[in-house]
Amino acid sequence: MKKFAYCKVVLATSLVWVLLDMFLLLYFSECNKCDEKKERGLPAGDVPEPIQKPHEGPGEMGKPVVIPKEEQEKMKEMFKINQFNLMASEMIALNRSLPDVRLEGDSQVK
């Protein structure tokens, strides 16, 4: 009989912890904050136009990255450490445009 009571206590305690964890996860989750932001957002007519960044800079539209001559030695040292051109990688924007290289075809999605 003692084993049965012991099992009931362990199961009840585990259930309480699971429910408490679920409550805390739901209360502090990002999903709740997303709904609040939608409600507090701007009205449909007051949505600002997105800012268009001009297409220029290293790597934009597939343009090559040119490392200045005075930086060549530093670039080579960084390449030895990282095994890729870290300097060029840092010069290229994360959000850049690339040219469309797809071939034109007869089949179009309709």
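This note goes through a predicted model, taking the N-terminal helix, its aromatic residues, a nonpolar core and one glutamate in turn.

1. The annotated segment. The unreviewed UniProt entry lists residues 9-28 as "transmembrane region", and this is an entry in the record rather than something computed from the coordinates. In the predicted model, the chain over residues 9-28 is 100% helix and 0% strand, with the C-alpha atoms at its two ends 29 Å apart.

2. The stacked aromatic pair. A search of the whole structure returns two aromatic pairs. One of them joins phenylalanine 23 and tyrosine 27, whose rings are stacked, at 5.9 Å centre to centre and with 20° between the planes. Both residues belong to helix α1, which covers residues 2-28, and they are four residues apart, or about one turn of the helix. Phenylalanine 23 counts as exposed because its relative accessibility is 53%, and tyrosine 27 is likewise exposed, at 53% relative accessibility.

3. The edge-to-face pair. Tyrosine 27 also pairs with phenylalanine 28, and here the ring centres are 4.8 Å apart while the planes stand at 90°, which is why this pair is classed as edge-to-face. Tyrosine 27 and phenylalanine 28 are both exposed. Taken together, Phe23, Tyr27 and Phe28 form one aromatic cluster.

4. The nonpolar core. The largest nonpolar core has five residues in all, namely Ile67, Met75, Met78, Met87 and Ala88, and at least two residues of this core are supplied by each of α3 and α4, the latter being residues 86-91. As a point of background, nonpolar side chains in soluble globular proteins tend to be buried together.

5. Contacts of methionine 87. Leaving aside residues up to four places away in sequence, methionine 87 touches Ile67, Met75 and Met78, and also Glu71 and Lys74. Of these partners, Ile67, Met75 and Met78 belong, with Met87, to the largest nonpolar core.

6. A buried glutamate. Where does glutamate 60 lie? Glutamate 60 is found in the loop between α2, residues 30-40, and α3, residues 72-82. Its relative accessible area is 2%, under the 20% limit, so glutamate 60 counts as buried. What does the side chain of glutamate 60 reach? The partner is the backbone nitrogen of serine 97, at 2.8 Å, and this distance falls within the 3.5 Å used for a polar contact.

How values were computed. Residues numbered from 1 in each chain as written. Predicted model: local features only at pLDDT ≥ 70, side-chain atom pairs only at ≥ 80, totals over all residues. Heavy atoms only, no water. Buried < 20%, exposed > 50% of the residue type's maximum accessible area, 1.4 Å probe, protein only. Polar contact = N/O pair within 3.5 Å; in protein donor to acceptor, adjacent residues only side chain to side chain. UniProt positions renumbered as here; feature names shortened; annotations may be inferred. Phe/Tyr/Trp six-rings, centres within 6.5 Å; stacked < 30°, edge-to-face > 60°. Core = buried A, V, L, I, M, F, W, Y, C linked by side-chain atoms within 4.5 Å. Contact = heavy atoms within 4.5 Å.
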